[in-house]
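Student: Could you take me through one part of this model slowly? I'd like a close look at the open sheet and the salt bridges around it.

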Amino acid sequence: METKEAVIIGSGVAGLAIATRLAIQGFRVKVFEKNAYPGGKLSMFEQDGFRFDAGPSLFTQPRNIEELFEAAGEPVRDYFTYQPVNISCTYFFENGKMVKVAADPQTFATQLEEATGEPAINIINYFADAEKLYHDVGNIFLNFSLHKKNTWLHKRVLKALRTVKSAYLFSSLQHYNKKVFHTPEAEQIFNRYATYNGSNPYKAPAMLSLIPHLEINEGVFYPAGGMVSITNALYNLAKKKGVEFFFDTPVDRIVYTENRALGIVARDQNIPADVVVSNADIYFTYGRLLKSPVKAKKVLKQERSSSALIFYWGIDKSFTTLGLHNIFFSQNYQQEFEHIFTRKTLFNDPTVYINITCKEDPADAPAGKENWFVMINVPANSGQDWESLKQTARQNIINKLNRLLQTDIASLISSETIMDPLIIEERTGSYMGSLYGTSSNSKMAAFLRSPNFTPGIRNLYHCGGSVHPGGGIPLCLKSAAITAGIIEKDQQKYHSSAH
Ligand code: FAD
């Protein structure tokens, strides 16, 4: 039998994972990437003796990576190692409260009770509910296509329906959390989980209360060598499985006639394929690669996720109070989200996230110094004056850190690079610089997200943060698995109908 050809557009985590999955299915796989390096948002850079992961910093659910290696029959430990992180996050509040919480539910609950007075039992019950919600409902939403009949005919759907309380669908996450918790600190900590997929806790449904399950019940991990090791492991695995990579090779368009994809055009060359998978943002896949502005516009019916401003700072001091993940909360969380999602601008008291990888790997910064990845959530780009917003945000962040860390941060910054939504779009092809494709602010979000196949165009598929089941490394890896599953079934169907 002739070997079938698969072309993947983009080498983000999902692109890398599906390349391996299709190679396992027997395809000859070629990956075309516009950048000179693999990984998309999951990349790194070095600056003045400091190493920085450019994008993602929180690593959960390593199981998704292990499953891929198992499917490929390769020992994951030969490519990738990681360790659990004991402290999930250190939270700072403007009222002077500070709490370091563990990445296990019981200790987390005790620590939060001691620091804020929130009864531990409320927190323990919340994690138990989150676990049930994840297992009964999240598993369907995240591991199966929502656009295939078979998903809905399975008996697990009945179990899911029994678990879904109306509050999960009809309350916002913030409303739900306010009912559960007695203290503003606990409410704010659990509201923040909406930002894990670029959403607004005051709008997004309480279904997102399952997210803490991934972080606290299942644990937080740190990959040896930093987050970029995930990219390196997936890239090396794909190469081991015979996948061919073409870097610095932007794909200009997908070739299709009537109802079937035939291949791609890259650098004026026609590359025929039996299967095309786009790992590029779905908006650009329709708008630029399929030249279908009407379909691209349809994608925009769903609100884009938030973006970020990131300041990569080399800091000339070591802070013992800080850990790997640190949050300095806004005093007015509601106003912050109102600014980001409604006014599409920045709030003057932003919640500041600082990731410091040299806490786990001292080689990431010179002795006595620290590599700070300082991030605030901002609206997706809609033409704001980013130069001016960056300067204001920088000063607001410095003022806040000076207040909460009792120091002069500006005098400690010896090295700086800044990333904004425009740069995120330019580097990773993410429309409007959104970090997670579309937001989950609508209760129908999971159903409105684009499917992993293209209705009306056979042999053209999609994976990655802008399609089902959504953004973030775990979900992107799941999206690659879902898409590969659909392709396998379609191939069997086409094969049997041909005989
Ligand atoms: P992407 O990373 O979006 O890559 C797509 C690739 O396609 C790119 O390499 C691009 O160059 C390429 N491409 C696009 N168009 C073309 C074309 N025409 N031709 C060829 N190549 C093309 N997730 C977490 O799990 N934890 C976090 O802590 C976290 N924090 C984040 C912080 C930041 C600042 C950012 C930006 C993201 C963060 N995320 C986080 C989200 C996570 O990074 C993404 O959801 C995930 O990496 C997206 O992977 P993807 O497979 O969709 O591909």
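Tutor: Sure, and let's get one term clear before anything else: a salt bridge here is a side-chain nitrogen of Lys or Arg within 4 Å of a carboxyl oxygen of Asp or Glu. Keep in mind, too, that this is a predicted model.

With that in hand, try R394 and E416: their closest N and O atoms are 2.7 Å apart, and the two form a salt bridge. R394 sits in helix 15 and E416 in strand 18, so this pair links distant parts of the chain, 22 residues apart. E416 is partly exposed, with a relative accessible area of 34%.

Now, where does strand 18 belong? It is in an open sheet of 7 strands, ordered 7-6-15-16-17-14-18, and the pairing is mixed. Strand 18 (413-419) is an edge strand, and so is strand 7 (98-102): each of them pairs on one side only. On average, neighbouring strands in this sheet are turned by 20° against each other, ignoring direction. As background, strands of a sheet pair through backbone hydrogen bonds, either parallel or antiparallel.

Go over to the edge with strand 7. Strand 6 (residues 87-92) pairs with strand 7 in the antiparallel sense, over 5 bridges. Look for I87 there, and you'll find it standing opposite A102 in strand 7. Helix 3 (residues 105-116) lies across both strand 6 and strand 7, and runs at about 170° to strand 7.

Back to the salt bridges. The side chains of K390 and D420 meet in one, at 2.8 Å from N to O. K390 is in helix 15 (residues 386-405), while D420 is in the loop between strand 18 and helix 16 (421-428), so the pair ties together parts that are 30 residues apart in sequence. Both K390 and D420 are buried.

Another one to find is R51 with D364, whose side chains meet in a salt bridge at 3.0 Å, N to O. Here R51 lies in strand 4 (residues 50-53) and D364 in the loop between strand 16 (352-356) and strand 17 (370-378), so the pair ties together parts that are 313 residues apart in sequence. R51 is buried, and D364 is too.

These pairs are among the 23 salt bridges that a search of the whole structure finds.

How values were computed: Residues numbered from 1 in each chain as written. Predicted model: local features only at pLDDT ≥ 70, side-chain atom pairs only at ≥ 80, totals over all residues. Heavy atoms only, no water. Pairing = 2+ DSSP bridges. Helix = DSSP H or I, 4+ residues; strand = E, 2+ residues; numbered from the N terminus. Axes fitted to C-alpha atoms, helices over the stretch in contact; angles between N-to-C directions. Contact = heavy atoms within 4.5 Å. Buried < 20%, exposed > 50% of the residue type's maximum accessible area, 1.4 Å probe, protein only.
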